[in-house]
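Here is a set of short exercises, each with a worked solution. Keep the structure open beside you and try each task before you read on.

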Amino acid sequence: MKSPKSLIRPLVHDLHAYVPGEQPKIKGLIKLNTNENPYPPSPRVLAAVKVAVDGRLRLYPNPAADKLRAKLAKLHHCSPDNIIVGNGSDELLALAVRTFVEPSEGGVLRRPNLGFRRAKPSETVQYFTPSYSLYPVLADTHGAAKNAVALKPDFSLPSVAELKRGKHWNFNAALTFVTTPNAPSGRGYATADLEALCKAQRGVTVLDEAYVNFARENALKLALEYPHVLVARTFSKAYSLCFQRVGYFVGHPELIDALHKMRDSYNVNGLGQIAAEATLDDLSHYRANFRAIVATRKQLSRDLTRLGFRVLPSETNFILAQPPLFPAQEWLQKLRERKVLVRWFSAREVKSYLRITIGTPAEAAVLVKAAKEILR
Ligand SMILES: *Cc1c(COP(=O)(O)O)cnc(C)c1O
């Protein structure tokens, strides 16, 4: 009899799965750790989902989310052929790796003791650090090579000239992910700077705009202008639909078509499609939410700054802040004891920071009160 372990591919043995933020079930806990929207979906969205829950649940949903794609195409002034919908944008990020990147031969890149060879650009997934921590996991699951290049010390985007001088950046990488605005720093990037970077890239470039509704600018036009650029959007953060798992890519029809070939036949569940469609019919409701979150972000940044936190400028629904007096990891614990859950990352560049999701004004007030108590 073979051991179960021997049945698993070596690549999978060595994998470290993505670590999602905690979803604890503690009563009265203020949850500011996973960048969920503190406001519920609009009443019209909730009603549309409720009405759809009947005997039709036995049917398969529309395989390509046609109605939703048509609505998105109208919103972005493009064709439905420019759009693919996914089971969250996470699914599409994984699909992009599988569609555009070659797995490296025999996984030799993962096993230096078996002899190193230089990764080919065709096998390379590239991204900045720090950025979305899912990208390296996606490269690893595919057996692709990773090229992680540091952002500048203030987390701003290096210019093309700086990337050329630094020699680590690969302008031929098969796939480059850029989180914009960035997570976990919260920093926004100018569209002009992103365009310069896209122009210099020869492989597929995904601009991951998960937080763009809280930002000053968006780079969607680049996906319609450059055939190698894809923009990723999600209904999770801005539209309060994490639970439903709906995200999408906008880009050139040939890239979109290739992604369609690689996806599961019914990748987006029916209630998710309905919720997303209803969301697009009620955008003014959400614009008011974005304004509220941006206002709370400003207030919270001011309050924490007054308490001695160093708060980085944010264009997202969270802030990255260096707390005073104690190490950030201790703050995480002390806040938790006061029923406020924030996020801390152990990565070197960010381990002195807390990432704090913008909640309601009342939740922000509880956080500030807890911080004052800790400092007393
Ligand atoms: C949350 C997040 C996503 C994933 O969103 P889903 O649509 O919920 O899968 C993608 N990219 C970034 C940077 C995120 O923060």
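**Exercise 1.** Find how strand E5 and E6 are joined, and in which sense they run.

*Solution.* Start with the pairing: strand E5 (residues 175-179) and E6 run parallel, joined by 5 bridges. Strands here are DSSP runs of at least two residues (E), helices are runs of at least four (H or I), and both are numbered from the N terminus. Two strands pair if DSSP finds at least two bridges between them. For a specific pair, take phenylalanine 177, whose bridge partner in E6 is valine 206. Before going further, note that this is a predicted model, in which local features need pLDDT of at least 70 and side-chain atom pairs count only at pLDDT 80 or more, while totals for chains, interfaces and linings use all residues. Residues are numbered from 1 along each chain as its sequence is written, and side-chain values use heavy atoms, with hydrogens and water left out.

Next, look at burial, where buried means under 20% relative accessible area, exposed over 50%, and partly exposed in between (1.4 Å probe, protein chains only). Strand E6 (residues 204-208) is largely enclosed by the rest of the structure, because 5 of its 5 residues are buried. Val204, Val206 and Asp208 point one way from E6, and Thr205 and Leu207 point the other way.

**Exercise 2.** Describe the surroundings of the ligand and its polar contacts with aspartate 90, aspartate 208 and lysine 237.

*Solution.* First list the shell, taking a residue as near if one of its heavy atoms lies within 4 Å of the molecule. Among the residues around the ligand are Gly88, Ser89, Tyr132, Thr179, Asp208 and Arg245. By class, the shell has 3 nonpolar, 5 polar and 4 charged residues. In this scheme Ala, Val, Leu, Ile, Met, Phe, Trp, Tyr, Cys and Pro count as nonpolar, Asp, Glu, Lys and Arg as charged, and the others, Gly among them, as polar.

Then take the polar contacts, which are pairs of N or O atoms within 3.5 Å; within protein, one must be able to donate a hydrogen and the other to accept it, and residues adjacent in sequence count only if both atoms are side-chain atoms. A backbone N or O atom of aspartate 90 is 3.0 Å from a ligand oxygen atom. Aspartate 208 places a polar side-chain atom 2.7 Å from a ligand nitrogen atom, and lysine 237 has one 2.9 Å from a ligand oxygen atom. On its own the ligand has 380 Å² of accessible area, and the protein covers 93% of this. Accessible areas come from the Shrake-Rupley method with a 1.4 Å probe; for residues, only the protein chains shown count as cover.

Finally, check the backbone of arginine 245: its phi is positive, about 60 degrees, although it is not a glycine. Arginine 245 sits in the loop between strand E7 (229-234) and E8, and its 28% relative accessibility makes it partly exposed.

**Exercise 3.** Place serine 131: is it buried or exposed, and what does its side chain reach?

*Solution.* Begin with the loop between strand E3 (124-129) and helix H5 (134-142), where serine 131 is found. With a relative accessible area of 12%, serine 131 is buried. Its side chain reaches the backbone oxygen of phenylalanine 128 at 2.7 Å. Contact means heavy atoms within 4.5 Å; leaving aside neighbours within four places in sequence, serine 131 is in contact with Thr179, Asn182, Ala183 and Pro184.

Proline 130 is in the loop between E3 and H5 too, and a cis peptide bond joins it to threonine 129, with omega about -5 degrees. Another cis peptide bond joins threonine 180 and proline 181, with omega about -5 degrees.

**Exercise 4.** Work out why H5 is described as largely enclosed.

*Solution.* Count first: 7 of the 9 residues of H5 are buried, so the helix is largely enclosed by the rest of the structure. Among the buried ones are Leu134, Val137 and Leu138. The buried residues of H5 pack against several elements, including helix H4 (89-100), strand E4 (145-150), E5 and E6.

Now zoom in on alanine 139, which lies in H5 and is buried at 0% relative accessibility. Not counting residues up to four places away in sequence, alanine 139 touches Val125, Ala144, Ala145 and Lys146. To finish, H5 is followed by glycine 143, whose phi is positive, near 70 degrees.
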